[in-house]
Amino acid sequence: ISGDNHIDLTYLPADLWSSQAPGKWKLLAPRVEELEDGLHWFVEGHDQGMWNGVGPRFLKYQRGVFKHIDEMKDGGFEWDSRPGARPRPTTPELRLADLDRDGLDAEIIYGCLMINDLISSAEHRAWANKVYNDWAADFARRSDPNRVFPLAIVPNPDRIAAAVTAA
């Protein structure tokens, strides 16, 4: 069992939040926009890097920057930031294939905790966490609920909102 897997913001569905955002957050909610070099994540109007990008700054893949990323690439992992790409971490059949390849029966998945650092409003953070948590539960069902265990995220900068979310 792997206890240290992740689904970072970069790999989440491009319309996860934007498709559900109330009018007051349409331009603030995490959303993906197409720029000349591919799709980019924007949160509160700030470019956070490539959708389906590499590393903590969601960069375009470039051989030689991260040795472990090159090893993943050689093993079939793709970082494609064009519309229609299928990120391995959030494509159920690819995620399960990776578990099988690695000889794992199950995994615990940590979510995009950084989202709480990118959103300034406590109310907006709580909403974004709920949207992610609903998606994560559905992702586990679509993958294999006996093998894939994503953890919920809570609005950790706000103890009151965190307590309400956890209840």
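Student: Buried means under 20% relative accessible area. By that cut-off, is Asn-116 buried or exposed?

Tutor: The model is a predicted one. Asn-116 has a relative accessibility of 2%, so it counts as buried.

Student: Where does Asn-116 sit, and what does its side chain reach?

Tutor: Asn-116 belongs to helix α3, which covers residues 115-118. Its side chain reaches the backbone oxygen of Val-154 at 2.8 Å.

Student: Moving to the interior: which residues touch the most other members of the largest nonpolar core?

Tutor: Leu-9, Leu-12, Trp-17 and Tyr-132 do, within a core of 31 residues. Two or more residues of this core come from each of β3 (38-43), α2 (92-101), α3 and α4 (122-143).

Student: Which element gives the largest share of this core?

Tutor: Helix α4 does, with 7 residues. As background, nonpolar side chains tend to be buried together in soluble globular proteins.

Student: What is Leu-12 in contact with, leaving aside neighbours within four places in sequence?

Tutor: Leu-12 contacts Ile-7, Trp-17, Trp-41, Trp-51, Thr-90, Cys-112, Tyr-132 and Trp-135. Another core, of 5 residues, lies apart from the largest one, and its members include Tyr-11, Val-54, Phe-77 and Trp-79.

Student: On to the rings. How many aromatic pairs are there?

Tutor: The count comes to 7 aromatic pairs. One of them joins Tyr-11 and Phe-77 edge-to-face, with 6.3 Å from centre to centre and 70° between the planes.

Student: Why does that pair tie together parts of the chain?

Tutor: Tyr-11 is in the loop between β1 (2-6) and β2 (31-35), whereas Phe-77 is in the loop between α1 (67-74) and α2, so the pair ties together parts that are 66 residues apart in sequence. Tyr-11 and Phe-77 are both buried.

Student: And how are the rings of Trp-25 and Trp-127 placed?

Tutor: Their centres are 5.4 Å apart and their planes lie at 45°, so this pair is tilted. It links distant parts of the chain, with Trp-25 in the loop between β1 and β2 and Trp-127 in helix α4, 102 residues apart. Trp-25 and Trp-127 are both buried.

Student: Which residues form an aromatic cluster?

Tutor: Tyr-11, Tyr-61, Phe-77 and Trp-79 form one aromatic cluster.

Student: Where do the charged ends of lysines come into this? What sits over the ring of Trp-25, for instance?

Tutor: The charged end of Lys-24 sits over that ring, 4.8 Å from its centre. Similarly, Lys-73 lies over the face of Tyr-61, at 5.2 Å from the ring centre.

Student: Back to α4: what span should its 22 residues have?

Tutor: At 1.5 Å a residue they should span 32 Å, and the end C-alpha atoms are 31 Å apart, which agrees. At the start of α4, a side-chain oxygen of Ser-121 reaches to within 3.3 Å of the backbone nitrogen of Glu-123.

Student: Last topic: where is Leu-96 found, and is it buried or exposed?

Tutor: Leu-96 is found in helix α2. Its relative accessible area is 17%, so Leu-96 is buried.

Student: What does Leu-96 touch, not counting residues up to four places away in sequence?

Tutor: Leu-96 touches Ser-143, Asp-144, Arg-147 and Val-148. As for Cys-112, 16 residues apart from Leu-96 along the chain, the two C-alpha atoms are separated by 20 Å.

Notes. Residues are numbered from 1 along each chain as its sequence is written. This is a predicted model: local features need pLDDT of at least 70, side-chain atom pairs count only at pLDDT 80 or more; totals for chains, interfaces and linings use all residues. Side-chain values use heavy atoms; hydrogens and water are left out. Helices (H or I, at least four residues) and strands (E, at least two) are DSSP runs, numbered from the N terminus. Buried means under 20% relative accessible area, exposed over 50%, partly exposed in between (1.4 Å probe, protein chains only). A polar contact is a pair of N or O atoms within 3.5 Å; within protein, one must be able to donate a hydrogen and the other to accept it, and residues adjacent in sequence count only if both atoms are side-chain atoms. A nonpolar core is a set of buried Ala, Val, Leu, Ile, Met, Phe, Trp, Tyr and Cys residues joined through side-chain atoms within 4.5 Å. Contact means heavy atoms within 4.5 Å. Rings of Phe, Tyr and Trp (its six-membered ring) pair if their centres lie within 6.5 Å; planes under 30 degrees apart count as stacked, over 60 as edge-to-face and the rest as tilted. A charge sits over a ring if NZ of Lys or CZ of Arg is within 6 Å of the ring centre and within 35 degrees of the ring normal. The expected span of a helix is 1.5 Å times one less than its number of residues.
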